[in-house]
Amino acid sequence: MREIVLDTETTGLYADKGDRIVEIGALELINHMPTGRVFHRYINPQRDISYGAFAIHGLSREFLEKYPAFEEIAAEFLEFLAIDKIIIHNAPFDMAFLNMEFLLAGYAVLAKDRVVDTLVMAKRHFPGAQASLDALCRRFQIDNSHRNLHGALVDADLLASVYLEFVGGRQPGLDLAQPARIIRDHPVTVTMPRPRRGAFKATPEERAVHERFLNEKIRDPVWRWS
């Protein structure tokens, strides 16, 4: 099973008012394990970046001017996404930007049913608790000390760790291949003593209590049909 954990950084908060994507970070999971394959691109938004957005990610228009526009990386990005599930934290925000960019570049939008929203997962698992990525890292004791500023690939990597905690941690319980390999490499034989038959017998008092229970509580028991 292949999944893509994804995050974006943008020029502002409103895709429908002209804000654009400035960074994409995505990484590949196979059977809930990171493969090391990533997609990371800075993108020239061809517009100014709001002060609030710059304070979050630190990416200036001057820095981004040397990078390609979204339409120049769209085909490569779609090839990386393929047809697999996409894991996003607060998916409506990122999906609004991604689909706006794909439309402007002349591509079809991404289907909503491809997306798993970890914010929804967090609210379902921990109702009333903080559900930001930082809060979930603290809850699951995931080291995010290197996250001085938001970065799409850094955040995607942290989100992958959070998502794996939601689905059972980094060692999924039903992943049979890995335990099988460990058993072959380190065989262990455990001998358990067989219980002795007839080691425990009911006392006369216990048999009398049992007989009263059968007579008083069970009407017309099947074992007496004869």
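1. Let's start with Asp19, which sits in the loop linking strand S1 (2–10) to strand S2 (21–30). Bear in mind that this is a predicted model.

2. Is Asp19 buried or exposed? Its relative accessible area is 7%, and since the cut-off for buried is under 20%, Asp19 counts as buried.

3. What does the Asp19 side chain do in there? One partner is the backbone nitrogen of Gly12, which the side chain of Asp19 reaches at 3.5 Å. Another is Arg47: the two side chains, Asp19 and Arg47, make a polar contact of 3.4 Å.

4. Gly12 and Arg47 also turn up in the contact list for Asp19, once neighbours within four places in sequence are set aside. Thr11, Leu13, Tyr14, Phe97 and Met100 are on that list too.

5. Now for helix H5 (residues 118–125), where the buried residues are Thr118, Leu119, Met121 and Ala122. Looking down the axis of H5, you'll find these buried residues within an arc of 160 degrees, so they line one face of the helix. As a reminder, an α-helix has 3.6 residues a turn, so residues three or four places apart point the same way.

6. Flip to the other side of H5 and you meet Lys123 and Arg124, both exposed.

7. What covers the buried residues of H5? The cover includes two strands, S4 (85–88) and S5 (115–117), along with helices H6 (133–139) and H7 (152–166).

8. One last detail is the N-terminal end of H5, which is capped by Asp117. A side-chain oxygen of Asp117 lies 2.9 Å from the backbone nitrogen of Leu119, and Leu119 is itself one of the buried residues of H5.

Terms used
Residues numbered from 1 in each chain as written. Predicted model: local features only at pLDDT ≥ 70, side-chain atom pairs only at ≥ 80, totals over all residues. Heavy atoms only, no water. Helix = DSSP H or I, 4+ residues; strand = E, 2+ residues; numbered from the N terminus. Buried < 20%, exposed > 50% of the residue type's maximum accessible area, 1.4 Å probe, protein only. Polar contact = N/O pair within 3.5 Å; in protein donor to acceptor, adjacent residues only side chain to side chain. Contact = heavy atoms within 4.5 Å. Arc of directions from axis to C-beta.
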